[in-house]
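Work through the exercises below with the sequence and the coordinates at hand, and try each task before reading its solution.

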Amino acid sequence: MSSHTTAKPILEISGLSAHIGGQQVVEDVSFTVPATGITALLGRNGVGKTSTIKALIGLIDRTGRVELDGRRIDNEPTWKLIRRGVGYVPEDREVFSKLTVAENLRLAERDAHPRRQLVDELFPDLVKRSGQLAGTLSGGQQQMVSLARALLNDNKVLLIDEPTKGLAPKIVQEVAEALEQAAATVPILLVEQNLQVVRRLAGDAVVLSGGRVVHTGSALEFLDDADLTQRLLGVHADGEAETPAAAQEGAAR
Amino acid sequence: MTTSETDIEQTGAPGPDSSGSAESANDGGASTGGSGTNVPGRDTKRAGGKALLKWGAGGAAVVLLGLLPLLNLSLPGVLPGPTYTPGSLQLLAMCMLMAAAALSYHMLLGVAGLLSFGHALYFGAGVYGLAIILDNLDIPLLPAMGLTLLLVIVLAHVVGAVSLRVAGIPFAMVTLAFAEAGSVLVGRNPGGASGGEEGLALATDNLPDFLVGVVNTRNLYWLALAVLVLVFAIVTWVQYSRAGHVASAVRENELRVRVIGLQPYLIKLLVFVVGGVLASLVGMVYLLLQSGAVPRSVSADFTITLLVMVVLGGVGSRWGAVVGGVFYTLLDQRLTSLANSEAIAGLPDVLRIPLSEPLFILGTLFILVVLFLPGGLTGAAKRFGRGRKAGRRGEETDNARAVLEDAA
Amino acid sequence: MSTVVLLFVTGLGLGALYFLVASGLSLSYGLMGVLNFAHGSFLTLGAFAGWEVARRTGADSWWTFLLSILIGAAVGALFAAFTELVLIRRLYERHIEQVLITVGLSLATVALFEGIWGTDPVFIDGPAWFSQTTSLLGAQIPNDRFISIIAAALVLLGMVLFLKRTRYGMIIRAGVENRSMVTALGIDVRKAFTLVFTIGGAAAGLGGVLASHYFGYVSPLLGGSLLIFAFIVTVIGGLGSLTGAAVASVVVALLQQFANFYLFGTGDFVVVIALALVLLFRPSGLLGRKS
């Protein structure tokens, strides 16, 4: 897992750029996501990780080339390219707070035979709470709903944005386990600030700085290079991210 | 919408272009480029030359317009008679007033990105305020106008302060509601002051003689020209002042302005009030020209007329507002006489009914312009002048689209 | 007492009309950010269609009335669907241009209605029962009030069931909350929007027929005058909230009726003042999302 896979990548991104309000947030980004395992998308706060993910699926206007399993998807509207087999778990969960848990899941079902059983096994808590409004769930439970929405369908790739953000350590472990199980069947592009989680899960790493790709390669090798991580992430790779999750959340509101 | 990392990215780390974008964004004239792809040196020089040319042409046009009442020119199909006749002067004066009113609306939409559906309230306040004051108080014209302005300033502050609590489309709905209250008030004829549906005739006792009567139409014409020039000058001045720059920066990205410690709310209120005051000034001269106040001048229809003028001419451009105001007024006049013509009366119903409704034609034209000509007439003219570069929409179009996008 | 009852029921009847207009406005804004100025024209065309039906089939029969309601709603729905598919859809996500298009459409259609049916109000009749009164708690209440109230209650019930029980309803509720996330689940929200817009048009067309009985006439300006109050209702109720629209419709109409009677015909102004107060203290509306 630690080196570049030679098999055909599931996602090929070349020259991806995106603007928001006249300002460039993603600048000529190119990288590939191998067809197996977890690829981590890393970088300091505000370098454009979330924007890159959103640009990939057209949630913000973008230019450049994106191929999913050899097929161009950069000229398609979001809903269409998602149906080609992309599961998206956004930053901040974005569950529908006024819909019940069951409705949130039912809304996400697109396959003829959604994998309800798998989801029920992974997140037994959600079965119990299926009639509850998603807005009344805890942050961890909402994250489960958000992950479940992506895992219900048979996807070619999952794009998962900061799934452990703002969660208690115990919940972080649960999320990591769920991701590990999911990764056994589907490749994942993962944005993650918690470097322990990255160490545990990721094969490859793509590092962004200033909206550009500045490093690609094995995730472990990258994290073991203290100078490089200090320079590109502003943290010591051994510990937790220096910027506490709570502070990030405060800034985002 | 959710606040996400992307918002932080924009505001937390202001890029190199963040300070400059406000400067370049809102030149109403030819040399704009909202998206910041200018080559600075050459463009500035060329824009400077162009601006000089434009101001020169503008000055010449004003002089020519000023001389029109003394000349004997005919424009068959556009003007009812030679330029010195009262009928033609009346129509031309109306064109100029509508151009000035459209300019005051441009202040809101083009500069500050405020889509108001209640601008007629201030125009109407000028019309009715002055009419009622002249009718009831025994004071000369200028003090009466001053008093009206004072009332409008208060009114615009109150309505603006409340309406600006919301933005975008809710703002449009709320300004419409307030204007409707004004319209209802005028229709109710409280204490016989507004004349209700009949309107109110202009009380001429305290007016200077040179502004009264058909023989003096040309004086009113010159007054209308003066108002147009004045409004144009004030709009230009505000647009290029610090407040105007901040206003257009607010329009583009309110968050960014807030981050650097400015108050978008107050800036927008300022632009709202100035736009309202200018509209009321135009309204006062409109009253003199029409020798009376009619309920239509406070109606939602009139606001929509202003909006149509600005969009027809080209959103985000002062010249567009002027062109739109003139074009709309002339077209409306021509279509009305077309509607009453023999040629139309003889057509079968399917053609006769639509063609005899000027507003049907104008409404349809408006839809077509929004769909296919987003830069309006001025945008189209410039593109044509530039030699129709194939496939390129032109920066006016992009600018107009951007302005409309920002208003949402 | 009887005056209060009369004002109350009459206010409810008016509120019912406001709701029929405001429900579609509020949902289409909530889902897609589209403000539809031509919504009043849907209502007016529905009213004229209903009147044409009544004129041709004998105005005093109940069957005619039911038929005119159906035709009015169908015409409103068709007009709305046409507007969405031909004009609004091509300006996807360009909200101000969408508003401008509907402004132009409203201008053009009102002028066209004036060309076809004239500018003067056309007076209409319904079944004889409409012009009679029913005694309720000592008040003599014109029967047409009850018809509006019942119809609006049925429409509200139908919409709630649709939103709660169907997949499209679920998409719409989710889309009002977070449209981009719905598309990120692989759902084409525009289809749901066309549906919302069409349903709103049907409600407006239905409202047009009922309004023409409530006021006793049809005119090309009927829709426009109701539309302004519907705007006020949607802002007070909270844009995108169906319940908010229902509550605010009743509140606004009652305020208006009572102020008109007890405060010297100032109903319209009291409503605008209420709007100002809501904006000052709760800009997102009574039941709106806080942004």
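The exercises that follow concern a predicted model, and they go from sheets and helix pairs to the contacts between chains.

**Exercise 1. Describe the sheet of chain A that has six strands, naming its edges and the helices that pack on it.**

Solution. Begin with the strand order, which in this open sheet of chain A reads β6-β7-β8-β3-β9-β10, with mixed pairing. The strands β6 (86–89) and β10 (212–218) of chain A each have a single partner strand, so they stand at the edges and one side of each is left without a neighbour in the sheet. From one strand to the next, the twist averages 15°.

Next, take the pair at one end of the order: β9 (residues 202–209) of chain A and β10(A) are antiparallel and share six bridges, and within this part of the chain D204(A) has S218(A) in β10(A) as its bridge partner.

Then add the helices. Helix α1 (residues 49–56) of chain A packs on the sheet, where it touches β3 (38–42), β7 (157–161), β8 (188–191) and β9 of chain A, and its direction makes about 145° with that of β7(A). Helix α6 (residues 139–151) of chain A also packs on the sheet, touching β6 and β7 of chain A, with a direction at about 175° to that of β6(A).

**Exercise 2. Describe the sheet of four strands in chain A, and state which of its strands are at the edges.**

Solution. The order of this open sheet is β2-β1-β4-β5 in chain A, and the pairing is antiparallel. Its edge strands are β2 (23–33) and β5 (71–72) of chain A, each of which pairs on one side only. To follow one pairing in detail, take β1 (residues 11–20) of chain A, which is joined to β2(A) by seven bridges, the two strands running antiparallel; E12(A) stands opposite T32(A) in β2(A).

**Exercise 3. Decide whether L195(A) is buried or exposed.**

Solution. First place the residue, which lies in helix α8 (residues 195–201) of chain A. The cut-off for a buried residue is 20 or more other C-beta atoms within 10 Å; L195(A) has 22 of them within 10 Å and is therefore buried. As a further point of orientation, the C-alpha atoms of L195(A) and G139(A), which are 56 residues apart along the chain, are separated by 20 Å.

**Exercise 4. Characterise the packing of α10(C) against α11(C), and then that of α2(C) against α9(C).**

Solution. Two packed helices are described by the angle between their axes and the distance between the axes. For α10 (residues 222–237) and α11 (residues 242–262) of chain C, the angle is about 120° and the axes are 8 Å apart; α10(C) and α11(C) are therefore oblique to each other, and the crossing is right-handed. Residues that make the contact include F229(C), I232(C) and V233(C) from α10(C), together with G244(C), A245(C) and V247(C) from α11(C). By class, the contact of α10(C) with α11(C) holds eight nonpolar and four polar residues, with no charged ones.

For α2 (residues 39–57) and α9 (residues 189–215) of chain C, the axes come within 7 Å and cross at roughly 55°, and α2(C) and α9(C) are therefore oblique to each other. The crossing of α2(C) and α9(C) is right-handed. Among the residues in contact are F42(C), L43(C), G46(C) and W51(C) of α2(C), and G201(C), A204(C), L206(C) and V209(C) of α9(C). The contact of α2(C) with α9(C) divides into nine nonpolar and nine polar residues, with no charged residues.

**Exercise 5. Work out which elements of chain C, and then of chain A, supply the contacts between chains.**

Solution. Chain C and chain B meet through 35 residues from each of the two chains. On the side of chain C that touches chain B, two or more residues come from each of α4 (95–117), α10 and α12 (267–281) of chain C, and the largest share, 16 residues, comes from α4(C). This side of chain C comprises 26 nonpolar, five polar and four charged residues.

Turning to chain A, 19 of its residues are in contact with 14 residues of chain C. The helices α2 (78–83) and α3 (101–108) of chain A each supply at least two residues of the side that touches chain C, and that side of chain A has ten nonpolar, two polar and seven charged residues.

Definitions and conventions:
Residues numbered from 1 in each chain as written. Chains lettered and ligands numbered in written order. Predicted model: local features only at pLDDT ≥ 70, side-chain atom pairs only at ≥ 80, totals over all residues. Contact = placed C-beta atoms within 7 Å. Nonpolar A, V, L, I, M, F, W, Y, C, P; charged D, E, K, R; others polar. Axes fitted to C-alpha atoms, helices over the stretch in contact; angles between N-to-C directions. Parallel < 35°, antiparallel > 145°, perpendicular 65-115°, else oblique. Left-handed = near helix turned anticlockwise from the far one by under 90°. Pairing = 2+ DSSP bridges. Buried ≥ 20, exposed ≤ 12 C-beta atoms within 10 Å, placed from the backbone.
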